[in-house]
Every structure is written in structure tokens, then in C-alpha cells.
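Student: Pick one part of this model and walk me through it up close. Then show me how it sits in the bigger picture, and spell out your cut-offs as you go.

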Amino acid sequence: MSLRSPLGEALGRGAAKAGVHHWWVQRLTAIALVPLASWFAVSLLAMPAHGYATVVAWVGEPWTAVLLLLFVVTAAWHSQLGVRVVIEDYVHGCGMRTVLLALSTYLHVLAAAAGVFAVLRVALGGAA
Amino acid sequence: MAEFRLPANSRIRTGVTHQAPPGTREVRTFRIYRFDPASGENPRLDTFELDLAECGPMVLDALIRIKGSVDSSLTFRRSCREGICGSCAMNIDGVNRLACTTSLHDLGRQIRIYPLPHLPVVKDLVADLTQFYAQYASVKPWLQTQTPAPPDSERLQSKEEQEQIDRPAACILCACCSTACPSYWWNSDRYLGPAALLAAYRWIIDSRDEATGERLDALEDPFKLYRCHTIMNCTDVCPKDLNPAKAIAEIKKMLVQRQS
């Protein structure tokens, strides 16, 4: 039970002076993902075959590699921003929320790093 | 975590049925949420059958009829009965609206009436709006200026400037919008909700106000403002046809614009 005034509760700890950047970058990445995701889907569909050699050759093309890198990084970034919102919406314990936000950030960075490494390795000829 | 199920002592049981007297011409069935904290019992859903020919055309008329001639313990708020005081906001057939401006003829034969969702219930259809009003107060809904008022006239606005605040200022604080918002359900302790944000917007765009920057500063917060994900339930239910979702979007736009 709290005897704090309702206004005190509503004012809380004040405004965090944050959120604008998150909101704006979420929109920017969403806009960027429209052409990137479309290009990715169309390219896969337009590929004559989906065998190992064809795909490795496709990833090895300079523009393909550059766009794939952008796609992987943008998608991971956008997803991290989105998952953050979901956690903030539904997880209420401060400790649990902090742990999940940290975990989600680590996992997204891991996924992005793995994706970038995979593209570079194939594109730069490291793949067996 | 967010609560998706009512706590055990809030789960609703079947209540009593008050049948219409024989010879009733036009029967309407009202299933109404009842809760009396003094009884220590769980809430229940009472059924009232009413002769439509014997009461006025609105849901509020039916409630007054029930209170007057069937069960005087039925508790609800009402005052102006013309959609300007906002007292009789409740959840009618799953939609938050004003009982006084909702016509019985627009509803089916069975009408379900609950208090506004996800608020503590004081009694029956009366929800506790303490937090809602405190959030409204927290946005400082009054004119703030540094320039002293003209000694012999009002602070003037052009016609266009007045039109900017004309609609947002028509909010009656009935709480239909905020209590229709899932973000407000899950995070009302920190999210201000559409009604308070519409009020904040009304003062942000007021051409006479000189605290615009401070007002925007006070909203720049992941929870106070950015819990809004623009699902527009608020605009959907507003009984005054206002657009809180657009007001919130405009606030977000202003916050981005002032950065570059």
C-alpha cells in the first residue's frame, strides 16, 4: 500500500528524455527494409537453381554481397528495436525487464555478426 | 508480466435474473456487471428484462429505469444526459461509450453492460478514475506564459490558431479512449494514455502558450508517450469524434522535427 499522492505517482521519475531516437530509427530501418527485403525475395525467386554452387556464386557478386550485408544489419537492428518494445510492453518486473532487454540486444548483435561473417566469408572467397 | 486473466476475486459469476412482467410488449435483456466491495463476494452478472415501451430511447434511460423500478442498488454515474459531462462512460456491448448518447435501437436484443475496462471498480458500473485524473493533471492542462497578459484585453488568437485547438479542446475526459487502449491496460502506471496526451497536445499547439518546449520535454519518454503503437482504438471509440491517435502522432513528429 502506498500513501503517495496520485499526482506524485503519475509524475513518477519524470521524463527519461529518450525515445525519440528509438522511434525514428525504427521508422528509418522499416523504410530501408522495404526495398532490401523485396530485392532479397525477388532475387531468390528469380534464381535459376538453388544449388550450393549457384548460391555461392550469387553471394560472391559485389552488389549482392553489399546489399546482403545491409539487409542482415538493418533487419537485425530493426528486430532489436521491435523486440525491445515488446519486452517493455509486457514484462513488468524491473529486474526481469533489464535482463531480457540485455539478452535480446546480445542475441541480435550475435545474429548480425554471424550473418555479416557468413556473407563476407562467401563473398571474399573463404568458403570451401 | 502483463495480466491477461482476472484475479480470482474478480472473476464474474452468474447473478440474479429479473424477468419482465407478463404482457410486456418489447422486451430487451440487459446483462449488467454488479460488484459490491462491501459484500466481499465476487462480481456477478445480473439479468434485467425491460419493456422498451416504458423507458426512454437511450441506454442511460434503461439504467435509470432499472434503478428506479427494479433494483435501486444498481450504481452508475450520470449527470448531464446529453454527452457533455462524460460521467456515464461504460463498456456497452464490448465498446466503451456514453450510456446517454447510445441509442437502444442501435443495439441488439441482449445488451451487455460493464464498467470501463482495466480500472479498479468502486461499485457496479463506477470505475476508479483517480489515476486517470492525476495523469491529466500531470500534463499541466492550463495556459503557461512568460509574457504578462495585456492589461485591457484577452490574449488574442487568430481564427486559424483557434481552429487548431478547437477539436482537441472538446475532450470531455470520459476515459473511453484511455481504457480502450491495450498499452494503457498493461502500463497505465507509466503510460499517460490517449486522453492525457490529447490534453497535452491541446496545450502544445495553443498559440498563446509559451511552455511548448517544457511540455515536449515532459513527454519525451519511452513510457509516458512512446507506449502508443498507433492502433487507434482511442480514435475509434471517442464519443466526441476526436482523434487522440493523430494528436499523439503529431507530438511524436514535433519531437523529431525539433532535433534537426
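Tutor: Here is a look at one strand, followed by its salt bridges, its chain and the partner chain.

First, some ground rules. This is a predicted model, so local features need pLDDT of at least 70 and side-chain atom pairs count only at pLDDT 80 or more, while totals for chains, interfaces and linings use all residues. Residues are numbered from 1 along each chain as its sequence is written, chains are lettered from A and ligands numbered from 1 in the order in which they are written, and side-chain values use heavy atoms, leaving out hydrogens and water.

Let's zoom in on strand 2 of chain B, which covers residues 27–34. Strands here are DSSP runs of E with at least two residues, helices are runs of H or I with at least four, and both are numbered from the N terminus. B:Thr29 sits in this strand. Its relative accessible area is 15%, so B:Thr29 counts as buried (buried is under 20%, exposed is over 50%, partly exposed is in between, with a 1.4 Å probe and protein chains only). Setting aside residues up to four places away in sequence, B:Thr29 touches B:Thr47, B:Phe48 and B:Glu49, and also B:Arg109, B:Gln110 and B:Ile111. Touching, or contact, means heavy atoms within 4.5 Å.

Further along strand 2 you meet B:Tyr33, which is buried with 8% relative accessibility. Again leaving out neighbours within four places, B:Tyr33 has contacts that include B:Ile12, B:Pro43, B:Leu45, B:Ile113, B:Tyr114, B:Val121 and B:Asp124. The C-alpha atoms of B:Tyr33 and B:Thr47 are 9.1 Å apart, with their positions 14 residues apart in sequence.

Now for the charged residue in that strand. B:Arg34 makes a salt bridge with B:Asp124 at 3.1 Å, N to O (the cut-off is a side-chain nitrogen of Lys or Arg within 4 Å of a carboxyl oxygen of Asp or Glu). B:Asp124 is in the loop between strand 7 (121–123) and strand 8 (126–127), so this pair ties strand 2 to a part 90 residues away in sequence. Both B:Asp124 and B:Arg34 are buried.

Two helix pairs make a handy contrast. In helix 3 (residues 159–166) of chain B, B:Glu163 and B:Lys159 are four residues apart, about one helical turn, and their salt bridge has its closest N and O atoms 3.0 Å apart. B:Lys159 is exposed at 61%, whereas B:Glu163 is partly exposed at 47%. Helix 8 (residues 244–257) holds B:Lys246 and B:Glu250, also four residues apart. Their salt bridge comes in at 3.7 Å, and B:Lys246 is partly exposed at 47% relative accessibility. Back at strand 2, B:Arg34 and B:Asp124 belong to one network of salt bridges with shared partners, along with B:Arg44, B:Asp46 and B:Asp71. Over all chains, the whole structure has 18 salt bridges.

Stepping back, chain B has eight helices and eight strands, and its C-alpha trace spans about 70 × 45 × 30 Å along its principal axes. Of its 260 residues, 47% are buried. Among its contacts between residues at least 6 apart in sequence, 65% join residues at least 24 apart. Chain B exposes about 12900 Å², with carbon and sulfur atoms supplying 49%; accessible areas come from the Shrake-Rupley method with a 1.4 Å probe.

Last stop: the partner. 21 residues of chain A are in contact with 28 residues of chain B. Together the two chains bury about 2100 Å², and carbon and sulfur atoms give 62% of it. A:Val20, A:Trp23 and A:Tyr90 lose the most area on the chain A side, together 27% of what that side buries. Buried area is the accessible area (1.4 Å probe) that two parts lose on being put together, summed over both. Two salt bridges run between the chains. One pairs B:Arg227 with A:Glu88, with 2.5 Å between the closest N and O atoms.
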